[in-house]
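Let's walk through a protein model together, one question at a time. Have a look at it first, and then we'll begin.

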Amino acid sequence: MLPSAIWPGSAATTSTSTPSADSSAPPSTDSPANSPARRRGSRMRWRRLPRPATIADPAHQTASILWLGYDAPQSVLSDATETTWADNAREPLNDFLTGIDAAHAGEVNSTVLGHSYGTLVAGETMRDHPDLPVDKAIFVGSPGVGVDHAKDLHIPADQVFSATAENDLINLAPPNAGTLAPLNPKAYMRLFDDHSILYGYDPTSDDFGGRTFKVADGGDWGLNGTPAHSQYWDGASLRGMAKIVTGGQP
């Protein structure tokens, strides 16, 4: 865990970020899950949240936490197509969020903020722990969160917020047809609908049933990698997340 300068146990508002493999590393780099490159990229992002959160809600302190308590996928094109990493993270993340809640001196406004594969980590944890002390969820650049409907996350659907940038290549992630697909042609129907994605329904789709918020289109992909996938912590996109974390409207 990398905490903000404000101790989470004393902050009225907490945001716990569950990151994926660092998308800011060069596209040719197979960056290990907890490598210096991934840590640097993640730190640069999560540390940007408290300032706009204070502007959105100056009456309360906001603690921003980067949770690195799981082995994240080391490769976007291979490891990140498996749920194993998220499956193994469910109990540790539950324990961590429960500990933050227990350590707090009073009621805490708690948000889990998932990015990329980290949205699956957050979604599976919420799905399998109905009493998880979380008030809101934010999913950005998501390949799916392990459920087909926001209500399956055990918080009110209108407290589940999702966004994907127009130029984020995660938009091209195909749904998983399944191991028996060659024997079941209907399995491929998901490839042609407008709501299925790699790990369940696209959380930005109407069928998912949550809420969406506006983010910038992000940079075009090319030789410099996929900048849009890691630009949710910039400008209006960041301000929107800060408003959600502090209980406002994006």
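Contact, a word we'll need often, means heavy atoms within 4.5 Å. This is a predicted model: local features need pLDDT of at least 70, side-chain atom pairs count only at pLDDT 80 or more, and totals for chains, interfaces and linings use all residues. Residues are numbered from 1 along each chain as its sequence is written, and side-chain values use heavy atoms, with hydrogens and water left out.

Q: Which residues does Val121 touch, not counting residues up to four places away in sequence?
A: Let's set aside the residues up to four places away in sequence. The residues that Val121 then touches are Trp67, Tyr70, Ala86, Ala89 and Leu93.

Q: What average pLDDT does the protein have?
A: pLDDT is the predictor's confidence in each residue, from 0 to 100. In this protein, 72% of the residues score at least 70. The average pLDDT is 80.

Q: Over which residues does pLDDT stay under 50?
A: Where pLDDT is low, the predicted coordinates should not be read in detail. The model has 24 contacts beyond four places in sequence for the stretch in question, so keep that caution in mind. The stretch with pLDDT under 50 is residues 23-35.

Q: How many helices and strands does the protein have?
A: Helices (H or I, at least four residues) and strands (E, at least two) are DSSP runs, numbered from the N terminus. Read along the sequence, their pattern is β-α-α-β-α-β-α-β-β-β-β-β-α. That comes to five helices and eight strands.

Q: What percentage of the protein's residues count as buried?
A: Buried means under 20% relative accessible area, exposed means over 50%, and partly exposed lies in between (1.4 Å probe, protein chains only). The protein has 250 residues. The buried share of them is 50%.

Q: Which element gives the largest share of the largest nonpolar core?
A: A nonpolar core is a set of buried Ala, Val, Leu, Ile, Met, Phe, Trp, Tyr and Cys residues joined through side-chain atoms within 4.5 Å. The largest one has 29 residues, and Val121 and Met126 have the most contacts inside it. Helix H3 (84-103), H4 and E4 each give two or more residues to this core. The largest share, six residues, comes from H3.

Q: How many residues does the second, separate core have?
A: In soluble globular proteins, nonpolar side chains tend to be buried together. Here a second core, separate from the one above, includes Ala165, Ala228, Leu238 and Ile244. Its number of residues is 18.

Q: Why is E2 described as largely enclosed by the rest of the structure?
A: In a regular strand the side chains alternate between the two faces of the sheet. In E2, Thr62, Ser64 and Leu66 point one way and Ala63 and Ile65 the other way, and all are buried. E2 is largely enclosed because its buried residues number five of the five.

Q: Which residue of E2 is the bridge partner of Ser17?
A: Two strands pair if DSSP finds at least two bridges between them. E1 and E2 run parallel and are joined by five bridges. The partner of Ser17 in E2 is Leu66.

Q: Which residues of helix H5 are buried?
A: H5 spans residues 235-245. The cover over its buried residues includes strand E1 (13-18), helix H2 (50-56), strand E2 (62-66), E3, E4 and E5. Those buried residues are Ser237, Leu238, Gly240, Met241, Ala242, Ile244 and Val245.

Q: Is Ser110 buried or exposed?
A: Ser110 is found in strand E3 (residues 109-115). Leaving out residues up to four places away in sequence, Ser110 touches Thr14, Pro133, Val134, Asp135 and Lys136. With a relative accessible area of 4%, Ser110 is buried.

Q: What is the phi of Ser116?
A: Most residues other than glycine have a negative phi. Ser116 lies in the loop between E3 and helix H4 (117-128), and at 9% relative accessibility Ser116 counts as buried. Its phi is positive, near 55 degrees.

Q: With which side chain does the side chain of Asp152 make a polar contact?
A: Asp152 sits in the loop between strand E4 (136-140) and strand E5 (160-163), and at 28% relative accessibility Asp152 counts as partly exposed. A polar contact is a pair of N or O atoms within 3.5 Å; within protein, one must be able to donate a hydrogen and the other to accept it, and residues adjacent in sequence count only if both atoms are side-chain atoms. At 3.4 Å, the partner is the side chain of Lys151.
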